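Please open the model in a viewer and keep the selection tool at hand. The tour below proceeds by successive selections, with a remark on what each one shows.

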Amino acid sequence: MDPRINRLSSLLVGYSCRVKPGDRVLISYEGECCRSLARQLIKDIYEAGGFPYAELRDSAISREIMLRCTEEQIRFQDEIALAQMKGMRAYIAIRAGNNTAELADVPAEKLNLYSRIDWRVNETNWVVLRYPNASMAQLAGTSQEAFEDFYFDVCTLDYAKMSRAMDPLVKRMNRTDQVHIKGPETDLCFSIKGIGAVKCDGEKNIPDGEVYTAPVRDSMNGTISYNTPSEEQGFTYENIVFTVRNGKIVQASANNDERINQLLDTDDGARFFGEFALGVNPYILHPMKDTLFDEKIAGSFHLTPGMCYEDAPNGNKSAIHWDLVMIQRPEYGGGEIWFDDELIRRDGIFLPEDLQGLNPENLK
């Protein structure tokens, strides 16, 4: 057994999910390469006194169901899944499909039936992670061996240290009213007053490294031009530009204008924003079209059309939650983030003394 798998499993069971005696834990995994980690998780859950359960997923099989599914059919499937999930205290999802675009030809309305934010998000100790395989290495543009080395550096960093460094940023966001973001083709203002900030320090996602809140729903005005690609519902969007008025995306363009507007017309909440977050993971520097990695990029932020989270609520409800990332380090064009007329971050580097612990050189 690769000792790095042991370290990762120990982190997931002991730190992320904090499994205690008697806890039921569902392990949901996709991809043959995940079996070693799934087996070690089972051992570690038993060692902690918990009861492991496992389910195997397959995107190719899911695709066949989605292509001809009905709402009644998926509602019944959701009822089954909910009944199982209500018996669990923790949920660990490991994803390593062979083809990240497997669902590219599934109609959007079918995907949306499958994409509802479910009960586990708010009611269990859950953690979601990818697992290194050839497909992910291709997305990152590296060999599989090099990607595995990168992956385990990212996923097994000292999250407790990161968590402590996040506390001053949480305090600042909690007392901030106005946020002003500046960058290439970007000038955007909004309020986060009264929403509250949440640190993501390895308990929900692996890799992790962000602090999030949400914009006051109707407060946003301006333009944002995202500089990273994003794969959503099997299609890779690039050159995304939004014009926002009173919180709503009134104009959207990308490499496929029709498709992005169809996605934003999913429901009434899809054109409003449900999350604003700052990424701080020091090992993740470049996008690879995988949200779990890209939204944590050091020197980035993401601004998310769609549903808000219950622990940072702005009242926006939607079937989608689309994390779109903008990197502000100099090699990506730079940029600034201001909190109530104080410059907090320039070109991806935090400037106030109390926030400098979040800069990459201090987190590695």
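**Enclosed spaces**

In this predicted model, the largest cavity has a volume of about 80 Å³. To display its wall, select Thr228, Pro229, Ser230, Glu231, Lys289, Asp290, Thr291, Asp294, Glu295, Asp323, Leu324 and Val325, which line the largest cavity. Next, colour strand E11 (230-232), helix H11 (291-294) and strand E17 (324-327): these are the elements that give two or more residues to this lining. Colouring the lining of the largest cavity by residue class gives 3 nonpolar, 3 polar and 6 charged residues.

How many cavities of 30 Å³ or more does a search of the whole structure find? The search finds 2, and the second largest has a volume of about 40 Å³. For this second cavity, select Gly279, Val280, Ala298, Gly299, Arg345, Gly348, Phe350, Leu358, Asn359 and Pro360, which form its lining. By class, the residues around the second largest cavity comprise 5 nonpolar, 4 polar and 1 charged.

**Helix H1 against helix H2**

Now move to the helices. Two packed helices are described by the angle between their axes and the distance between the axes. Select helix H1 (residues 3-16) together with helix H2 (residues 35-47): their axes come within 9 Å and cross at roughly 50 degrees. Because of this angle, H1 is oblique to H2. The crossing of these two helices, H1 and H2, is right-handed.

Show the side chains at the contact. On H1, select Ile5, Asn6, Leu8, Ser9, Ser10, Leu12 and Val13; on H2, the residues they meet are Ser36, Leu37, Gln40, Leu41, Asp44 and Ile45. The contact of H1 with H2 has 7 nonpolar, 5 polar and 1 charged residues.

**Helix H1 against helix H8**

Keep H1 displayed and add helix H8 (residues 144-155). H1 and H8 pack at an angle of about 30 degrees, and their axes are 10 Å apart. Is H1 roughly parallel or oblique to H8? The angle makes H1 roughly parallel to H8, since angles under 35 degrees count as roughly parallel. H1 passes H8 in a left-handed crossing.

For the residues involved, select Arg4, Ile5, Leu8 and Leu11 of H1, and Glu148, Asp149, Tyr151, Phe152 and Cys155 of H8, which make the contact. By class, the contact of H1 with H8 has 6 nonpolar, no polar and 3 charged residues.

As a last selection, take Ile5 and Leu8 of H1: both belong to the contact with H2 and to the contact with H8.

How values were computed
Residues numbered from 1 in each chain as written. Predicted model: local features only at pLDDT ≥ 70, side-chain atom pairs only at ≥ 80, totals over all residues. Heavy atoms only, no water. 1 Å grid on protein atoms, 1.4 Å probe; cavity = no way out; pocket = protein on both sides within 12 Å on 5 of 7 lines; lining within 4 Å. Points joined across faces, edges and corners; volume = space filled by probe spheres on them. Helix = DSSP H or I, 4+ residues; strand = E, 2+ residues; numbered from the N terminus. Nonpolar A, V, L, I, M, F, W, Y, C, P; charged D, E, K, R; others polar. Axes fitted to C-alpha atoms, helices over the stretch in contact; angles between N-to-C directions. Parallel < 35°, antiparallel > 145°, perpendicular 65-115°, else oblique. Left-handed = near helix turned anticlockwise from the far one by under 90°. Contact = heavy atoms within 4.5 Å.
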